[in-house]
2 protein chains.
Amino acid sequence: MFSIGRLSRATGVKVPTIRYYEEAGLMPPPDRSAGGQRRYARADLDRLHFIAHGRGLGLSLEAIRHLLELSDKGRDCTDAHQIAAQHLSDIRARIARLQRLETELERLADTCDHAPGAPCGLIEALGDHGQCLGEH
Amino acid sequence: MFSIGRLSRATGVKVPTIRYYEEAGLMPPPDRSAGGQRRYARADLDRLHFIAHGRGLGLSLEAIRHLLELSDKGRDCTDAHQIAAQHLSDIRARIARLQRLETELERLADTCDHAPGAPCGLIEALGDHGQCLGEH
DNA sequence: CCTTGAACCTCTAGTGACTAGAGATCCTAT
DNA sequence: ATAGGATCTCTAGTCACTAGAGGTTCAAGG
């Protein structure tokens, strides 16, 4: 049985965040001490690790909630793999998009020759999407 | 002079978003018709194009606000380039991070052999960060 | 046993960049 | 003159937290 502070230190998840996860239904309401403070057991530690790991991988709380359900009632892991696959394709799409932005921003910055007194090519280009090559 | 709806259609920015930009101080309070409806001029169109383009590139409203100020009082474009450079390095950091996540997720999904009745390797791995190679 | 002070409690509000809805008013085309 | 689409303001909700106020409890040292 440990306090919320120890759970926090053990997992790296901040105290208010743990309480937030409880309110959000990801962590079950724990036991309480005589004075009303939260007391956690081993299973809670594992569950919080699971959540923290999922968040670290960029999964939404919604997705993690779903995975926890699957984990709770075990067996079929098709859904779990589907969630992971969906997330993976999200990540790939985001990478592709960011790479387009990277290219575009590099190009925009180059349209300015920094001539003293002249208008800034970068700012001009921002006002005129017509100058852009790809879309974003 | 056009209505907010026409401005919206001309820029692709939704009507409530335009009002939000006004409230956020990015768009100046426009003229009003006798009945109190917003009436926009050419300069507003250009400014909104600028904002939309910046957003499309992933700039924060804060950054755009700053760029608009620079644009308004012209001349020195050092700051503008600094904002762009900062954003570019943010983008690169995000790409790198997402690529690490991509690798890790691919690996996690592979730890499961889908054996019927066996626990899901993916879910197990999510509970145990110790199995991970990089950090995230 | 008592005190101290760190940790804990609940509750409210704020973040960024919008989006959704209610209920009322306006504008334009017929 | 009227119909109905567009607009108005205002409030509240989204996601995943974070910050702060003001009060209570716990554990260690004396």
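How much area do domain 1 of chain A and domain 2 of chain A bury between them, and what share of it lies on carbon and sulfur atoms? In this predicted model, the two domains bury about 470 Å² between them, with 76% of that area on carbon and sulfur atoms. Domain 1 of chain A spans residues 4-75, and domain 2 spans residues 79-131. Their C-alpha centres are separated by 36 Å. Seven residues of domain 1 of chain A and five residues of domain 2 of chain A take part in the contact.

On the side of domain 1 of chain A, the greatest losses of area to domain 2 of chain A fall on L59(A), L67(A) and L70(A), which together make up 59% of what that side buries. The composition of this side of domain 1, where it touches domain 2 of chain A, is five nonpolar residues, two polar residues and no charged residues. Zero salt bridges are found across the interface of domain 1 of chain A and domain 2 of chain A. Polar contact between domain 1 and domain 2 of chain A is limited to a count of one residue pair, with both residues at pLDDT 80 or more.

The surroundings of the DNA were examined next, beginning with strand C. Around DNA strand C there are 20 residues, of which G5(A), R19(A), Y21(B), S33(B) and G35(B) come nearest. Of the atoms of DNA strand C that come within 4 Å of the protein, 88% are accounted for by sugar and phosphate. Phosphate oxygens of this strand are approached by both chains. From chain A, a polar backbone atom of R38(A) is 2.8 Å from a phosphate oxygen of DNA strand C. From chain B, polar side-chain atoms are involved: one of Y21(B) lies 2.8 Å from a phosphate oxygen of DNA strand C, and one of S33(B) also lies 2.8 Å from a phosphate oxygen of that strand. Two or more residues of the surface near DNA strand C are given by each of α1 (4-11) of chain A and α2 (15-23) of chain B. The most is given by α2(B), with three residues. In terms of residue class, the surface near DNA strand C holds five nonpolar, nine polar and six charged residues.

DNA strand D was described in the corresponding terms. It too is surrounded by 20 residues, and those that come nearest are S33(A), G35(A), S3(B), G5(B) and R19(B). Sugar or phosphate supplies 87% of the atoms of DNA strand D within 4 Å of the protein, and bases supply the rest. A side-chain N or O atom of S33(A) is 2.6 Å from a phosphate oxygen of DNA strand D, and for an N or O atom in the side chain of R19(B) the corresponding distance is 2.2 Å. R38(B) contributes through its backbone, with an N or O atom 2.8 Å from a phosphate oxygen of DNA strand D. The elements that give two or more residues to the surface near this strand are α2 (15-23) of chain A and α1 (4-11) of chain B. Here α2(A) gives the most, with three residues. The surface near DNA strand D divides by class into five nonpolar, nine polar and six charged residues.

How values were computed: Residues numbered from 1 in each chain as written. Chains lettered and ligands numbered in written order. Predicted model: local features only at pLDDT ≥ 70, side-chain atom pairs only at ≥ 80, totals over all residues. Heavy atoms only, no water. Near = heavy atom within 4 Å. Polar contact = N/O pair within 3.5 Å; in protein donor to acceptor, adjacent residues only side chain to side chain. Helix = DSSP H or I, 4+ residues; strand = E, 2+ residues; numbered from the N terminus. Nonpolar A, V, L, I, M, F, W, Y, C, P; charged D, E, K, R; others polar. Domains from an automatic or database assignment. Contact = heavy atoms within 4.5 Å. Buried area = accessible area lost by both parts, 1.4 Å probe. Salt bridge = Lys/Arg side-chain N within 4 Å of Asp/Glu carboxyl O.
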